[in-house]
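Here is a friendly walk through one protein model, written with a computational chemist in mind. Please have the viewer open as you read.

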Amino acid sequence: MPLMTTPPLGAATSPVTAAYARLAEVFPGLRAEVVGDAVPFPTGGGWVGAAELAAGGPAVDAFLAWDEAQVLKDYGRGARPDVVAGFGLHRYAWPACLLVTVPWFLLRRVPRVPVRDVSFHRALGRLQVRISEFACLPDDPAASLPGARVVPDEAALRAEVLAAVAEHVGPVLEGFAPRMRRGKRALWGMATDEIVEGLWYVAHLLGEERRAMSELELLLPGTTKPYVGAAGFRELTGPAGESLPTRDRASCCLFYTLRPEDTCVTCPRTCDAARVKRLTPAP
């Protein structure tokens, strides 16, 4: 059942607007705006269409130039081209996956967002998206709206989440693949991580981390192609006996190539003792 109150649904209100508004409330650094079919996406000035990224070529090169400059600024050294490409892919795919997972988590509505219908401005943290089709459950008030596709149960709705993300992320992976030096399996492992870690983080801000972990474990049990790997959550015990949730990533972000001594807290290279130390709040 939906776990948040939604405004009355009228002709000018998208069925996912309330979810995106809630996302902006808890995470002001990212704003997703639903635009109408007649509204053209902005061009230039830092905006890039998802379809441009999926096509590869100059749009991806321009997109990655920002990441290359950021690495030099932050670390005083350059990174391998495939590492830069991985950073850039992450910085797009993480927010893009939220376009699907946040409405599912908050409203039990799953929008379809093909690449032609999304534009992104990384520096502003803004996404513009057109929603012409969404899946929902039979008891959803939005089930009678144009574009609604009613599915019978939660399992079917989870399948819609995975299909919607794959429809969007799959072409983007193809656009980045020539620069990544990774095979298809590794790329879809990255997609798995973006789904899990994006919603996990936002759910923590919403105060619903545990529910998100449970639902992500059902969403990604580890056997759903083309995705690779499960949600991968597990529990560690802190110094005072407290539970510290963690997970093991299905892919590697290659940050260790810049700082070998500093790995991500969810990286399989990071031992549990180091995770406990980093996850335990300072006294």
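What follows looks at a pocket, a cavity, the cysteines, a small sheet and some backbone details.

This is a predicted model, so please read each value below as computed from predicted coordinates.

**The pocket**

Let us begin with open space. The largest pocket has a volume of about 730 Å³. Its lining is made up of 27 residues, and those nearest the centre of the pocket are Glu197, Arg249, Cys264, Val265 and Thr266. Two or more lining residues come from each of α4, α6 and β9 (243-247). Helix α6 gives the largest share of this lining, with seven residues. In chemical terms, the pocket lining divides into 14 nonpolar, seven polar and six charged residues.

**The cavity**

Now for enclosed space. The model has one cavity of 30 Å³ or more, and the space in the largest cavity comes to about 50 Å³. Which residues line the largest cavity? They are Arg249, Ser251, Cys252, Cys253, Leu254, Phe255, Tyr256, Thr263, Cys264, Cys267 and Arg269. Of the residues in this lining, seven are nonpolar, two polar and two charged. Arg249 and Cys264 are worth selecting in the viewer: they are in the lining of the largest cavity, and they are also among the residues nearest the centre of the largest pocket.

**The cysteines**

How many disulfides does the model contain? The count is zero. Cys253 is in no disulfide, and the nearest cysteine sulfur, in Cys264, lies 3.4 Å away. A disulfide requires two cysteine sulfur atoms within 2.5 Å, so the pair Cys253 and Cys264, at 3.4 Å, is not counted as one. Cys253 is partly exposed, with a relative accessibility of 22%. For Cys271, the closest cysteine sulfur is that of Cys267, and at 11 Å it is too far for a bond. Cys271 is partly exposed as well, with a relative accessible area of 46%.

**A three-stranded sheet**

Elsewhere in the chain, three strands form an open sheet in the order β3-β6-β7, with mixed pairing. Its edge strands are β3 (109-111) and β7 (148-150), each of which pairs on one side only. From one strand to the next, the twist averages 25°. Strand β6 (residues 134-136) pairs with β7 in the parallel sense, over three bridges. Within this sheet, Phe134 stands opposite Ala148 in β7.

**Backbone details**

Two arginines have a positive phi although neither is a glycine, and the table sets them side by side.

| Residue | Phi | Loop | Relative accessibility |
|---|---|---|---|
| Arg108 | about 60° | between α4 (81-107) and β3 | 7%, buried |
| Arg181 | about 55° | between α5 (154-180) and α6 (184-206) | 66%, exposed |

Is Arg108 buried or exposed? Buried means under 20% relative accessible area, so Arg108, at 7%, counts as buried. Exposed means over 50%, which puts Arg181, at 66%, in the exposed class.

One more backbone detail concerns a proline. The peptide bond from Lys225 to Pro226 is cis, and its omega is near 10°. Pro226 sits in the loop between α7 (209-219) and β8 (233-237).

Notes
Residues numbered from 1 in each chain as written. Predicted model: local features only at pLDDT ≥ 70, side-chain atom pairs only at ≥ 80, totals over all residues. Heavy atoms only, no water. 1 Å grid on protein atoms, 1.4 Å probe; cavity = no way out; pocket = protein on both sides within 12 Å on 5 of 7 lines; lining within 4 Å. Points joined across faces, edges and corners; volume = space filled by probe spheres on them. Nonpolar A, V, L, I, M, F, W, Y, C, P; charged D, E, K, R; others polar. Pairing = 2+ DSSP bridges. Helix = DSSP H or I, 4+ residues; strand = E, 2+ residues; numbered from the N terminus. Axes fitted to C-alpha atoms, helices over the stretch in contact; angles between N-to-C directions. Buried < 20%, exposed > 50% of the residue type's maximum accessible area, 1.4 Å probe, protein only.
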